[in-house]
Amino acid sequence: VLEASVSPLVSAEDLERELARLVADEPGGAAAIVRRFHKEHLLRIGFHDLAGVLETADVGAQLTELAEVILRRFLADAVERMGGEGSPPVTVLALGRLAGREVTYRSRLELLFVHGGGADSQAAQAARIARRVVTALSSATPEGALYELSGWRPGRGADGTLVVPVERLEATEGPEAMALSAAIAGSRPIVSHPSLVDALQRVRDRAVPSTLAADPAEDPTAP
């Protein structure tokens, strides 16, 4: 049972440090440790929420930070297992409620894993890293999955795309390209790889029609 003395607000940095310490203390049991960590902090947030200590925005921010800390932990583990510093670049974008730091207790996490790699072998490795993280977050266990996930959805019905090469984002054309650019423009990076920043910015820029790039009223040469 939680005590009132347990802090209602815990920063992402403190969560990162706590989880890193727990994993270091029990090497080899990271998955079980993360699930216990997740449950304990859900209880903390819910306790203070029910007690009226947290505002709605605080609840959303705390749930968001908890999800992102866990995601970053799984991504770091996946990269280490799949080649360490030699692994191809992966950026993780938050969409929807996750991007707005408005996660609820039952929210799906809307994510897009964008990877580079160039060579087919590297692209395949990057995709495997992303899928390993997706599996860790969403696999069913006797205690249930940590999170339900969904990706970018250009239409109705499907859960959407979760893993995509950056080259596909840049090559997409037509109405799908505008919809995708708008989704990227409204996203927020959870993990950002420097080598993918420029390409993602080009995709975002397509969401703003060139006719709106300049305001004629501010153009002294306009009639």
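The overall fold, two helix packings, the nonpolar cores and two individual residues are described below for a predicted model.

The protein comprises eight helices and five strands. Along the sequence these elements are arranged as α-α-α-β-α-β-α-β-β-α-α-β-α. The chain has 223 residues, of which 39% count as buried. Among contacts with a separation of 6 or more, 70% join residues that lie 24 or more positions apart.

Two packed helices are described by the angle between their axes and the distance between the axes. For helix α1, residues 12-25, and helix α2, residues 30-50, the axes come within 10 Å and cross at roughly 145 degrees. The crossing of α1 over α2 is right-handed. On the α1 side, the contact involves Leu15, Glu18, Leu19, Leu22 and Val23. These meet Ala30, Ile33, Val34, Phe37, His41 and Arg44 of α2. By class, the residues of this contact are eight nonpolar, one polar and two charged.

A second packing joins helix α3, residues 56-81, to helix α5, residues 120-138. Here the axes are 9 Å apart and the angle is about 135 degrees. Angles over 115 degrees and up to 145 count as oblique, and α3 and α5 are therefore oblique to each other. As α3 passes α5, the crossing is right-handed. The α3 residues in this contact are Ile70, Leu71, Phe74, Leu75, Ala78, Val79 and Arg81. Their partners in α5 are Ile129, Arg132, Val133, Ala136 and Leu137. The contact of α3 with α5 is made up of ten nonpolar and two charged residues, with no polar residue.

In soluble globular proteins, nonpolar side chains tend to be buried together. In the present model, the largest nonpolar core contains 44 residues. The members that touch the most others in this core are Ile70, Val92, Leu111, Phe113, Leu137 and Tyr147. Two or more residues are given to this core by each of α1, α2, α3, β1 (90-95), α4 (96-99), β2 (109-115), α5 and β5 (188-191). The greatest contribution is that of α3, with ten residues. Ile70 of α3 and Leu137 of α5, both listed above for the core, also take part in the contact between these two helices.

The surroundings of Phe113 were examined beyond its neighbours within four places in sequence. Phe113 is in contact with Val90, Thr91 and Val92, with Ala130, Val133 and Val134, and with Leu162, Val163 and Val164. Apart from the largest core lies another, of 13 residues, which includes Leu95, Leu112, Ala199 and Val203.

His115 is located in strand β2. Its relative accessible area is 5%; the cut-off for burial is under 20%, and His115 is therefore classed as buried. With residues up to four places away in sequence not counted, His115 touches Pro89, Val90, Ala123, Ala126, Ala127, Val163, Val164, Pro165, Val166, Glu167 and Leu196. Of these, Val90, Val163 and Val164 are also in contact with Phe113.

Arg101 is found in the loop that connects α4 and β2. Although Arg101 is not a glycine, its phi is positive, at about 55 degrees. Arg101 has a relative accessible area of 44% and is partly exposed, whereas His115 is buried.

Conventions: Residues are numbered from 1 along each chain as its sequence is written. This is a predicted model: local features need pLDDT of at least 70, side-chain atom pairs count only at pLDDT 80 or more; totals for chains, interfaces and linings use all residues. Side-chain values use heavy atoms; hydrogens and water are left out. Axes are lines fitted to C-alpha atoms, for helices over the stretch in contact, and angles run from 0 to 180 degrees between N-to-C directions. Helices (H or I, at least four residues) and strands (E, at least two) are DSSP runs, numbered from the N terminus. A crossing is left-handed if the near helix is turned anticlockwise from the far one by less than a right angle, and right-handed if clockwise. Contact means heavy atoms within 4.5 Å. Ala, Val, Leu, Ile, Met, Phe, Trp, Tyr, Cys and Pro count as nonpolar, Asp, Glu, Lys and Arg as charged, and the others, Gly among them, as polar. Angles under 35 degrees count as roughly parallel, over 145 as roughly antiparallel, 65 to 115 as roughly perpendicular and the rest as oblique. A nonpolar core is a set of buried Ala, Val, Leu, Ile, Met, Phe, Trp, Tyr and Cys residues joined through side-chain atoms within 4.5 Å. Buried means under 20% relative accessible area, exposed over 50%, partly exposed in between (1.4 Å probe, protein chains only).
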